[in-house]
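Trainee: I have just opened this one and don't know my way around yet. Could you walk me through it?

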Amino acid sequence: MQENNLPTHIGYIVDGNRRWAKAHGLPAYEGHMAGYNAIQDVAAATFEAGVPYMSAYIFSTENWKRSEEEVGKLMSLVLRLFTSDLHKFSDNNIRLRVLGSKEGVNAKILKEIDNAEEVTKHNTGGTLGLCFNYGGQLEIADAVRAAADAGEDMAQITPQTLSTYMYAADIPPVDVIVRSGGDQRISNFMLWRAAYSELVFIDKPWPDMTKEDVRSIMEEYHSRQRRFGK
């Protein structure tokens with residue numbers, strides 16, 4: 001067992017909401033609603049376990065390809081999170097950070113994201129990074145552009161320098177990536193921060209995730225030996 005067996009950052013790939021809804025004879029939106037509720041439960045359990053950073057992949061740059069109706073309802077959920085449900089994060093002392101591109105996102109949502117980050121910026125109970133309109137490759141490309149725009153000498157750029165231009169650069173590398181839903185791939189999630197991530201794949205769909213699953217994830221992580229190339 002490694003000396004420090006508590007992860008600093010757990011990243012969750014939220015997958016299986018639509019399949020959960022189909023299995024229960026419900027429309028896709030109900031699956032997303034159940035997944036939305038599960039994020040709050042998993043976040044609470046993750047922070048209660050002493051993990052200071054959690055991220056959740058809630059909407060990728062590829063998800064715009066879904067039906068207009070489904071995307072519209074997802075955007076309504078996102079807006080709800082940053083407005084009427086924002087108090088839940090403040091009540092639980094959770095800081096919100098949003099990672100992703102602003103391109104194509106409704107101006108009202110962007111305004112509420114800025115407000116949510118401002119309102120929660122002094123909270124100390126844990127940092128929840130929401131990957132919204134996010135793609136790992138795009139994040140790296142955007143970081144390169146930001147570094148160039150800032151006047152960095154691109155011929156001398158280092159990984160350490162580039163890391164300061166990533167989305168929400170204060171969020172550290174991911175110690176363990178967890179994917180629900182049965183698929184075993186990372187789907188463009190946290191590519192920069194995932195360089196040495198442990199991977200955990202769970203068969204159950206995201207809405208079925210519980211505090212007990214978080215406990216199992218922690219136990220699995222504790223059993224791993226992270227060598228970082230040594």
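Mentor: We will go through the empty spaces, the cores, the aromatic pairs and a few single residues, keeping in mind that this is a predicted model.

Trainee: Okay, empty space to begin with. How many cavities of 30 Å³ or more does a search of the whole structure find?

Mentor: The search turns up one cavity of that size, and the space in this largest cavity comes to about 50 Å³.

Trainee: Which residues line the largest cavity?

Mentor: Its lining is made of Tyr36, Ile39, Gln40, Leu81, Phe89, Leu128 and Leu130. Sorted by character, six of the lining residues are nonpolar, one is polar and none is charged.

Trainee: And which element gives the largest share of that lining?

Mentor: That is helix H2, which provides three residues. Helix H2, spanning 28-48, and strand S4, spanning 127-134, each contribute at least two residues to the lining.

Trainee: What about the largest pocket, how much space lies in it?

Mentor: About 650 Å³ lies in the largest pocket, and 26 residues line it, with Val14, Tyr57, Ile58, Asn63 and Arg66 lying nearest its centre. The lining of the pocket divides into 11 nonpolar, eight polar and seven charged residues. Helix H1 (17-23), H2, strand S2 (53-60) and helix H3 (68-82) each supply at least two of the lining residues.

Trainee: Switching to the packed parts, how many residues has the largest nonpolar core?

Mentor: The largest nonpolar core has 44 residues, and the ones with the most contacts inside it are Tyr12, Phe82, Leu96 and Phe132. Helix H2 gives the most to this core, namely eight residues. Apart from this core lies another one of 13 residues, which includes Leu99, Tyr167, Phe189 and Met190.

Trainee: Let me pick on Leu96. What does Leu96 touch, not counting residues up to four places away in sequence?

Mentor: Leu96 then touches Leu81, Phe82, Leu86, Phe89, Ala116, Glu117, Thr120, Leu128 and Leu130. Some names in that list may look familiar, since Leu81, Phe89, Leu128 and Leu130 are among the residues that line the largest cavity.

Trainee: Now the rings. How many aromatic pairs are there?

Mentor: The count comes to six aromatic pairs. In one of them, the rings of Tyr57 and Tyr134 have centres 5.7 Å apart and planes at 85°, and because an angle over 60 degrees counts as edge-to-face, that is what this pair is called. The pair links distant parts of the chain, as Tyr57 is in strand S2 and Tyr134 in strand S4, 77 residues apart.

Trainee: Are those two tyrosines buried or exposed?

Mentor: Both count as buried, because the cut-off is under 20% relative accessible area, and Tyr57 has 7% while Tyr134 has 0%.

Trainee: What other ring does Tyr134 pair with?

Mentor: Tyr134 also forms an edge-to-face pair with Tyr167, at 6.0 Å centre to centre and 70° between the planes. Tyr134 is in strand S4, whereas Tyr167 is in the loop between helix H7 (159-163) and strand S5 (176-179), so the pair ties together parts that are 33 residues apart in sequence. Tyr167 is buried, as Tyr134 is, and one aromatic cluster is formed by Tyr57, Tyr134, Tyr167 and Phe189.

Trainee: Different topic: which residues other than glycine have a positive phi?

Mentor: Asn133 has a positive phi of about 50° although it is not a glycine, and the phi of Ser187, also a residue other than glycine, is near 50°. Asn133 lies in strand S4 and is buried, with a relative accessible area of 3%. Ser187 lies in the loop between S5 and strand S6 (198-201), and at 31% relative accessibility Ser187 counts as partly exposed.

Trainee: Last one, where is Ala28, and what is it in contact with beyond its neighbours within four places in sequence?

Mentor: Ala28 is in helix H2, and once those neighbours are left aside Ala28 is in contact with Arg18 and Ala21. Ala28 is partly exposed, with a relative accessible area of 30%. The C-alpha atoms of Ala28 and Glu68, which are 40 residues apart along the chain, are separated by 13 Å.

Definitions and conventions
Residues are numbered from 1 along each chain as its sequence is written. This is a predicted model: local features need pLDDT of at least 70, side-chain atom pairs count only at pLDDT 80 or more; totals for chains, interfaces and linings use all residues. Side-chain values use heavy atoms; hydrogens and water are left out. On a 1 Å grid over the protein atoms alone, a cavity is a set of points where a 1.4 Å probe fits but cannot get out, and a pocket is an open set with protein on both sides within 12 Å along at least five of seven lines; lining residues have an atom within 4 Å of a point. Grid points are joined across faces, edges and corners, and a volume is the space filled by probe spheres set on the points. Ala, Val, Leu, Ile, Met, Phe, Trp, Tyr, Cys and Pro count as nonpolar, Asp, Glu, Lys and Arg as charged, and the others, Gly among them, as polar. A nonpolar core is a set of buried Ala, Val, Leu, Ile, Met, Phe, Trp, Tyr and Cys residues joined through side-chain atoms within 4.5 Å. Buried means under 20% relative accessible area, exposed over 50%, partly exposed in between (1.4 Å probe, protein chains only). Contact means heavy atoms within 4.5 Å. Rings of Phe, Tyr and Trp (its six-membered ring) pair if their centres lie within 6.5 Å; planes under 30 degrees apart count as stacked, over 60 as edge-to-face and the rest as tilted.
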